[in-house]
Amino acid sequence: MLNNLDHIKYDELIGKFVDVLSSDQSINGISGLVINETKNTIHVLHNNKTKIIPKSTCNFTFSGISESIDGREILGLSYNRLSKVTVSYTHLTLPTILLV
């Protein structure tokens with residue numbers, strides 16, 4: 001089962017609110033709505049302007065998630081990141097169907 005932090009790694013980022021944590025003071029503290037995502041950047045609507053934020057050099061916190069995530073963990077597009085998910089179905093039990 002994926003926790004919230006793992007879930008965000010494989011989820012669509014567009015439409016989520018984000019806070020940027022970076023050692024680069026020009027982008028540190030930027031927050032807003034993610035309006036686009038490329039393999040290496042996210043585009044954030046901040047004070048009615050679009051800011052292009054590199055994923056690889058920043059940490060991010062997304063709304064609803066208390067922990068920060070390293071941008072290197074969300075490199076790539078969401079549909080490509082999804083292929084990295086491995087799910088175990090060994091805990092599932094199939095219902096028994098009774099035939100009358």
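A nonpolar core is here a set of buried Ala, Val, Leu, Ile, Met, Phe, Trp, Tyr and Cys residues joined through side-chain atoms within 4.5 Å. The legends below describe close-up views of a predicted model.

**Figure 1. The largest nonpolar core of the predicted model comprises 16 residues.** Within this core, L13, V18, I42, I53, F60 and F62 touch the most other members. At least two residues each are supplied by strand 1, strand 3 (41-46) and strand 5. Strand 5 gives the largest share, three residues. In the protein as a whole, buried residues account for 30% of the 100 residues.

**Figure 2. Six strands assemble into an open sheet with antiparallel pairing.** The strand order across the sheet is 4-3-2-1-5-6. Strand 4 and strand 6 (69-70) occupy the edges, and each has a single partner strand, so one side of each is left without a neighbour in the sheet. Along the chain, the elements follow the sequence α-β-β-β-β-β-β-α from the N terminus, with two helices and six strands in total. Of the contacts between residues at least 6 apart in sequence, 40% link residues at least 24 apart.

**Figure 3. Strand 1 (residues 17-22) presents a covered face and an uncovered face.** The covered face consists of V18, V20 and S22, whereas F17, D19 and L21 make up the uncovered one. On one flank, strand 1 pairs with strand 2 (residues 31-37) in the antiparallel sense through three bridges. Strand 1 is also joined to strand 5 by five bridges, again with antiparallel direction. D19 takes part in both pairings: S31 stands opposite D19 in strand 2, and T61 is the bridge partner of D19 in strand 5.

**Figure 4. S22 lies in strand 1 and is buried, with a relative accessible area of 11%.** The side chain of S22 reaches the backbone nitrogen of D24 at a distance of 3.0 Å. Leaving aside neighbours within four places in sequence, the residues in contact with S22 are I27, N28, T57 and C58.

**Figure 5. Strand 3 and strand 4 are joined by six bridges and run antiparallel.** In this pairing, H43 of strand 3 stands opposite I52 of strand 4. I42, one of the core residues that touch the most other members, makes contacts with L13, V18, V34, N36, E37, K51, I52, I53, K55 and F60 when residues up to four places away in sequence are not counted. Strand 3 has the highest mean pLDDT among the elements, 96.

**Figure 6. L13 lies in the loop between helix 1 (4-10) and strand 1.** L13 counts as buried because its relative accessibility is 0%, below the 20% limit applied to buried residues. The C-alpha atom of L13 is separated by 8.1 Å from that of N36, a residue 23 places away along the chain. Both L13 and N36 are among the residues touched by I42. L13 also belongs to the group of core residues with the most contacts to other members.

**Figure 7. K55 is placed in the loop between strand 4 (49-54) and strand 5 (58-62).** With a relative accessibility of 0%, K55 counts as buried. Two backbone oxygens lie within reach of the side chain of K55. One belongs to T38, at 2.9 Å from a polar atom of this side chain; the other belongs to I74, which the side chain of K55 reaches at 3.0 Å. K55 is, in addition, one of the residues touched by I42.

**Figure 8. One aromatic pair is counted in the model.** The rings of F60 and F62 have centres 6.2 Å apart and planes at 35°, so the pair is tilted, an angle between the 30 degrees under which planes count as stacked and the 60 over which they count as edge-to-face. Both F60 and F62 are buried. Each is also listed among the core residues that touch the most other members.

**Figure 9. Confidence in the predicted model is given by a mean pLDDT of 82 for the protein.** Of the residues, 74% score at least 70. Among the elements, strand 3 has the highest mean pLDDT, 96, and helix 2 (residues 78-81) the lowest, 71. Where pLDDT is low, the predicted coordinates should not be read in detail.

Conventions. Residues are numbered from 1 along each chain as its sequence is written. This is a predicted model: local features need pLDDT of at least 70, side-chain atom pairs count only at pLDDT 80 or more; totals for chains, interfaces and linings use all residues. Side-chain values use heavy atoms; hydrogens and water are left out. Helices (H or I, at least four residues) and strands (E, at least two) are DSSP runs, numbered from the N terminus. Buried means under 20% relative accessible area, exposed over 50%, partly exposed in between (1.4 Å probe, protein chains only). A polar contact is a pair of N or O atoms within 3.5 Å; within protein, one must be able to donate a hydrogen and the other to accept it, and residues adjacent in sequence count only if both atoms are side-chain atoms. Rings of Phe, Tyr and Trp (its six-membered ring) pair if their centres lie within 6.5 Å; planes under 30 degrees apart count as stacked, over 60 as edge-to-face and the rest as tilted. Two strands pair if DSSP finds at least two bridges between them. Contact means heavy atoms within 4.5 Å. pLDDT is the predictor's confidence in each residue, from 0 to 100.
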